[in-house]
Each structure stands twice: as C-alpha cells, then as structure tokens.
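The exercises below are meant to be worked through with the sequence and the coordinates at hand. Each task is followed by a solution that goes step by step.

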Amino acid sequence: MNHTVITSSQAPAAIGPYSQAIRNGNMLYTSGMLPIDAEGQLQVGIIAQTEQIFTNLQHVLSEAGFTLEDVVKTSVFMTNLEHFGQMNDIYGHFFDNHHPARTTVQVAKLPRDAEIEIELVAIKGQPIQ
C-alpha cells in the first residue's frame, strides 16, 4: 500500500495514535478534526467550533495539495443536533458552490468535550463523467 501521512503544523496535533490525514494516490482521508487551534485551545460555542474545524481542515488539505473543492464526502458528529442550523450556516460558507455528500449524526460525547467533530474525504483529479 502506497500512502503518505499528512501533517500540518497549523492544525492541532493528533491526540492519540493516528494521523491528521492519509493520502493514497489522488485520495485524501482526514481523521475527525476537533475545534482546537494549533496551540491546543478548544474554541467555545458551535459557531466558533465549526469555523475552527474548517480552518484546521483547510490547513491539512493544503498540506496535501488539496482544497475544499476536492472534498467529496464529509461526516459531521455533533453532541446536540439543536445546533444543526448554526453549524449548517457556517458549513455553507465553506461549501458555498460545491456541495459534497454529507452525513450528520448526534453522538453522546466527543473528545475534550467538543460540541462538534468533522472528517472528510477528498479526491484530486478528473471528475467521473
């Protein structure tokens, strides 16, 4: 298997035995990203947390040579779906013209007591016709 570990110093370091992302050929798989800045500070509130996650994801994507336009699938994990509308508004700012497939689920708890975690899959190259 030919894969490359992707790490961005501008995104929070992994807090366990995993990588921020793995690139395999023209595909990139990120781990779930928490709303923590590069200094390790957890953001407060669903809006700030969602914005921080996308900032982090953009750093990881960039490190691998990808952009949000290459994202084909996201998975969103939230501890309270009553905040879905706020999250969705911020999400829409990052994916304004490009709408990847998405799954959103409510979970009981997330690491560091975050309210949200997002992972994604991106593909670089020609779209399938």
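**Exercise 1.** Identify the residues that lie nearest the centre of the largest pocket, and describe its lining by class.

*Solution.* In this predicted model, the largest pocket is lined by 15 residues, and those nearest its centre are A13, I15, Y18, G32 and L34. Sorting the lining by class gives nine nonpolar residues, together with four polar and two charged ones. The volume enclosed by this pocket comes to about 170 Å³.

**Exercise 2.** Set out the order of helices and strands along the sequence, and then decide how compact the protein is for its length.

*Solution.* Begin with the inventory of secondary structure, which consists of two helices and six strands. Read along the sequence, these elements follow the pattern β-β-β-α-β-α-β-β. The radius of gyration is 14 Å, close to the 14 Å that the globule rule gives for 129 residues, and the protein is therefore as compact as a globular protein of that length. The C-alpha trace, taken along its principal axes, spans about 35 × 35 × 20 Å. Turning to the interior, 36% of the 129 residues count as buried. Finally, among contacts between residues at least 6 apart in sequence, 70% join residues at least 24 apart.

**Exercise 3.** Is S75 buried or exposed, and which residues does S75 touch beyond four places away in sequence?

*Solution.* First place the residue: S75 belongs to strand 4, which covers residues 71-78. Its relative accessible area is 12%, and because the cut-off for a buried residue is under 20%, S75 counts as buried. Next, leaving aside residues up to four places away in sequence, the contacts of S75 are with T103, E117, I118 and E119. Within its own strand's neighbourhood in sequence, the side chain of S75 is joined to that of K73 by a polar contact of 3.4 Å.

**Exercise 4.** Where is N97 found, is N97 buried or exposed, and how far apart are N97 and E69 in space?

*Solution.* The residue N97 sits in the loop that runs between helix 2 (84-94) and strand 5 (101-106). Its relative accessibility is 69%, and since exposed means over 50%, N97 is assigned to the exposed class. To relate N97 to another part of the sequence, consider E69: the two residues are separated by 28 residues in sequence, while their C-alpha atoms are 8.8 Å apart in space.

Note on methods: Residues are numbered from 1 along each chain as its sequence is written. This is a predicted model: local features need pLDDT of at least 70, side-chain atom pairs count only at pLDDT 80 or more; totals for chains, interfaces and linings use all residues. Side-chain values use heavy atoms; hydrogens and water are left out. Helices (H or I, at least four residues) and strands (E, at least two) are DSSP runs, numbered from the N terminus. Buried means under 20% relative accessible area, exposed over 50%, partly exposed in between (1.4 Å probe, protein chains only). On a 1 Å grid over the protein atoms alone, a cavity is a set of points where a 1.4 Å probe fits but cannot get out, and a pocket is an open set with protein on both sides within 12 Å along at least five of seven lines; lining residues have an atom within 4 Å of a point. Grid points are joined across faces, edges and corners, and a volume is the space filled by probe spheres set on the points. Ala, Val, Leu, Ile, Met, Phe, Trp, Tyr, Cys and Pro count as nonpolar, Asp, Glu, Lys and Arg as charged, and the others, Gly among them, as polar. A polar contact is a pair of N or O atoms within 3.5 Å; within protein, one must be able to donate a hydrogen and the other to accept it, and residues adjacent in sequence count only if both atoms are side-chain atoms. Contact means heavy atoms within 4.5 Å. The radius of gyration is taken over C-alpha atoms; the globule rule is 2.2 Å times the number of residues to the power 0.38.
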